[in-house]
Amino acid sequence: MVISLIGKQKGGQPVDSNLVIQLVNEYGDQLYRYAYHMTRDEEDAQDIIQEVFLKVLRLKRLDGIENISAYLYSITYNCTVDFIKGKNRRRFIKLFSHGT
């Protein structure tokens, strides 16, 4: 179903919100489990998955992507790594701001 929606997307048109809904329905749980596996925190994983699908919604087009599943996992991985780095940075700053 998702593949047919991607195929109907005309070149240069923004990603349709119906397509993103289909992607959430088809891949949302799998991507959540992947993000949760890396963060071990339900709320963090939910935030990450929300960011993943917002990034997809902001894309100009998806029709050039051959493997949408691999693409979504890649975005999820990168968002999770960025989230963990940011969380560690905030923890580090908080630790040293209490000492001054």
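User: Let's start with the overall fold. How many helices and how many strands does the secondary structure of the chain come to?

Analyst: Four helices and zero strands. Keep in mind that this is a predicted model. Going along the sequence, the pattern reads α-α-α-α. The chain has 100 residues, and 27% of them count as buried.

User: And what share of the contacts join residues at least 24 apart?

Analyst: Take the contacts between residues at least 6 apart in sequence: 63% of those join residues at least 24 apart.

User: Now the interior. How should I read a nonpolar core?

Analyst: The general idea is that in soluble globular proteins, nonpolar side chains tend to be buried together. Here, the largest nonpolar core has 18 residues. Leu-23, Phe-53, Val-56, Leu-62 and Leu-72 have the most contacts inside that core.

User: Which helices each supply at least two residues of this core?

Analyst: H2, H3 and H4 do. For orientation, H2 covers residues 17–39, H3 runs 42–58 and H4 spans residues 68–97.

User: Let me zoom in on one core residue. What does Phe-53 touch, not counting residues up to four places away in sequence?

Analyst: Phe-53 touches Val-20, Leu-23, Val-24, Gly-28, Leu-31 and Leu-72.

User: Phe-53 sits in H3. How do I read the geometry of a helix like that?

Analyst: Start with the span, then look at which face is covered. H3 has 17 residues and reaches 25 Å from its first C-alpha to its last, close to the 24 Å expected at 1.5 Å a residue. Next, the buried residues of H3 are Asp-44, Ala-45, Ile-48, Ile-49, Val-52, Phe-53 and Val-56. Their arc around the axis is only 165°, so they are on the same side of H3.

User: Which residues are exposed on the other side of H3?

Analyst: Glu-43, Gln-50 and Arg-58 are exposed there.

User: What caps the N-terminal end of H3?

Analyst: Asp-41 does, with a side-chain oxygen 3.1 Å from the backbone nitrogen of Glu-43.

User: On to the aromatics. How many aromatic pairs are there?

Analyst: Two aromatic pairs. In Tyr-32 and Tyr-36, the ring centres are 6.2 Å apart and the planes are at 20°, so this pair is stacked. The reasoning step is the angle: planes under 30 degrees apart count as stacked. Both tyrosines lie in helix H2, four residues apart, about one turn of the helix.

User: Are Tyr-32 and Tyr-36 buried or exposed?

Analyst: Partly exposed in each case: Tyr-32 has a relative accessible area of 24%, and Tyr-36 has 30%.

User: What about the pair of Tyr-34 and Tyr-73, and how are its planes arranged?

Analyst: Tyr-34 and Tyr-73 are edge-to-face, with 5.2 Å centre to centre and 65° between the planes. This pair links distant parts of the chain, since Tyr-34 is in helix H2 and Tyr-73 in helix H4, 39 residues apart. Tyr-34 counts as partly exposed at 25% relative accessibility, and Tyr-73 also counts as partly exposed at 25%.

User: Now a polar residue. Is Thr-80 buried or exposed?

Analyst: Thr-80 is in helix H4 and counts as buried, at 0% relative accessibility. Leaving aside neighbours within four places in sequence, Thr-80 is in contact with Ala-35, Met-38, Thr-39 and Ile-48.

User: Thr-39 is on that list. How do I place Thr-39 in the structure?

Analyst: Look at the helix, the burial and then the contacts. Thr-39 lies in helix H2 and counts as buried at 17% relative accessibility; the cut-off for buried is under 20%. Again not counting residues up to four places away in sequence, Thr-39 touches Asp-44, Ala-45, Ile-48, Thr-80 and Ile-84. Two of the names there, Asp-44 and Ala-45, are among the buried residues of H3.

User: How many residues apart along the chain are Thr-39 and Thr-80, and what separates their C-alpha atoms?

Analyst: They are 41 residues apart along the chain, with 7.6 Å between the C-alpha atoms.

User: One last residue: where is Leu-19 found?

Analyst: Leu-19 is found in helix H2, and it is buried, with a relative accessible area of 3%. Its C-alpha atom and that of Leu-62 are separated by 9.8 Å, with the two positions 43 residues apart along the chain counted as their distance apart.

Notes:
Residues numbered from 1 in each chain as written. Predicted model: local features only at pLDDT ≥ 70, side-chain atom pairs only at ≥ 80, totals over all residues. Heavy atoms only, no water. Phe/Tyr/Trp six-rings, centres within 6.5 Å; stacked < 30°, edge-to-face > 60°. Buried < 20%, exposed > 50% of the residue type's maximum accessible area, 1.4 Å probe, protein only. Core = buried A, V, L, I, M, F, W, Y, C linked by side-chain atoms within 4.5 Å. Contact = heavy atoms within 4.5 Å. Expected span 1.5 Å × (residues − 1). Arc of directions from axis to C-beta. Polar contact = N/O pair within 3.5 Å; in protein donor to acceptor, adjacent residues only side chain to side chain.
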